[in-house]
Amino acid sequence: MCNRARMSNEPETLWGSAAKLFSERPRDNRFDPRELRPKSRNYVIREQGGERAWDVMTWDVLGGKAAWPMTNVRQLGLPQWRRLAEKPENRCLVPLTEFCEFTPDKHDLGDGKPPLKGEMWFGVTDQPVFAVAGFWQRTEGGNGFTMVTCAPNTLVAPIHPKAMITILEPEDIDTWLQGSYDEIVALQKPYDPAKMTVRGPVFPTRRDEPLGCA
């Protein structure tokens, strides 16, 4: 489950979007789209009134109504998710530059402290900024979004065997935002591992240097 990601750029024209925000940009120190975490507020791209532009939403599509933030959704056929996924106005793109999965096993760093899991960071070589399929809704706490996941590819599976985020090819952007329910479900598939890189594990809470590379 992806619960850490990064987006290094400010809003700009990507995938036919306008360099504008539908809602006002937050003006407080807690808003940092360069480091995406559950319940953080982040940029997404969506369509409204025939225009494609940016918005700011919380990474939790249920707005705090569950025991944990709903940051990733895979079963689009479930009634609560299908009613959102089948409506183009509730779909969005989540622009990222890399995403993280934690190692399955803990590592002893030899520093006398308890072992811990390392961060493995995945990037996309043919898309420095890539789009992740997502959808959103209005909640009591404001607009919230989630990322759509799919089966993992051979690069991600050794680290996270259950799922990976659904990375879209540029030519599939319009289909995700405007297509039918059946058309978007067909896009819910793993990205080509030959077009991806991984680095790590890294341990930023203890030391920045990796133990090795996968």
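**View 1. Strands E5 and E8 side by side in the predicted model.** In this predicted model, E5 and E8 run antiparallel and are joined by 6 bridges. If you want one pair to anchor the view, take Leu93, which sits opposite Ala133 in E8. E5 covers residues 91-96, and 6 of its 6 residues are buried, so the strand is mostly covered. The side chains of E5 split into two sets: Arg91, Leu93 and Pro95 point one way, while Cys92, Val94 and Leu96 point the other way, and all of them are buried. Such a split fits the usual picture, as side chains in a regular strand alternate between the two faces of the sheet.

**View 2. Leu96 and the largest nonpolar core.** This core has 56 residues, and Leu96 and Phe99 are the ones with the most contacts inside it. Strand E8, residues 130-139, gives the most to the core, with 6 residues. Zoom in on Leu96 and set aside its neighbours within four places in sequence: the residues in contact with Leu96 are then Ala5, Arg6, Met7, Leu36, Pro128, Val129, Phe130, Val132, Met147 and Ile165.

**View 3. Leu168 and its surroundings.** Leu168 is found in strand E11, residues 167-168. With a relative accessibility of 1%, Leu168 counts as buried, because the cut-off for that label is under 20%. What does Leu168 touch, once residues up to four places away in sequence are not counted? The list is Leu93, Gln127, Ala131, Ala133, Ile173, Trp176, Leu187 and Tyr191. Leu93 and Ala133 will be familiar from View 1, where they stand opposite each other. Also worth a look is Phe130: it lies 38 residues from Leu168 along the chain, yet 7.3 Å separates their C-alpha atoms.

**View 4. The hairpin of E2 and E3.** Strand E2 (residues 41-48) pairs with E3 in the antiparallel sense over 8 bridges. Tyr43 stands opposite Val56 in E3. Between the two strands there are 2 residues, and Gly49 in this hairpin takes a positive phi near 60°. How much of E3 (residues 51-58) is buried? The count is 6 of its 8 residues, so the rest of the structure largely encloses this strand.

**View 5. The open sheet E1-E6-E7-E12.** Here 4 strands, in the order E1-E6-E7-E12, make up an open sheet with antiparallel pairing. Why do E1 (4-6) and E12 (196-202) each have one side without a neighbour in the sheet? Both stand at the edges with a single partner strand each, so there is nothing from the sheet on that side. From one strand to the next, the twist averages 30°. At the E1 end, E1 pairs with E6 (residues 98-107) in the antiparallel sense over 3 bridges. Arg6 is the residue to pick out there, as a partner standing opposite Glu98 in E6.

**View 6. Pulling back to the whole chain.** The chain has 3 helices and 12 strands. Its radius of gyration is 17 Å, close to the 17 Å that the globule rule gives for 214 residues, so the chain is as compact as a globular protein of that length. Along the principal axes, the C-alpha atoms fill a box of roughly 55 × 40 × 35 Å. Of the 214 residues, 48% count as buried. Among contacts with a separation of 6 or more, 68% come from residues 24 or more positions apart. The accessible surface comes to about 10,400 Å², and 50% of that belongs to carbon and sulfur atoms.

Note on methods:
Residues numbered from 1 in each chain as written. Predicted model: local features only at pLDDT ≥ 70, side-chain atom pairs only at ≥ 80, totals over all residues. Heavy atoms only, no water. Buried < 20%, exposed > 50% of the residue type's maximum accessible area, 1.4 Å probe, protein only. Pairing = 2+ DSSP bridges. Axes fitted to C-alpha atoms, helices over the stretch in contact; angles between N-to-C directions. Contact = heavy atoms within 4.5 Å. Core = buried A, V, L, I, M, F, W, Y, C linked by side-chain atoms within 4.5 Å. Rg over C-alpha atoms; globule rule 2.2 N^0.38 Å. Areas by Shrake-Rupley, 256 points an atom, 1.4 Å probe, with all protein chains shown as cover.
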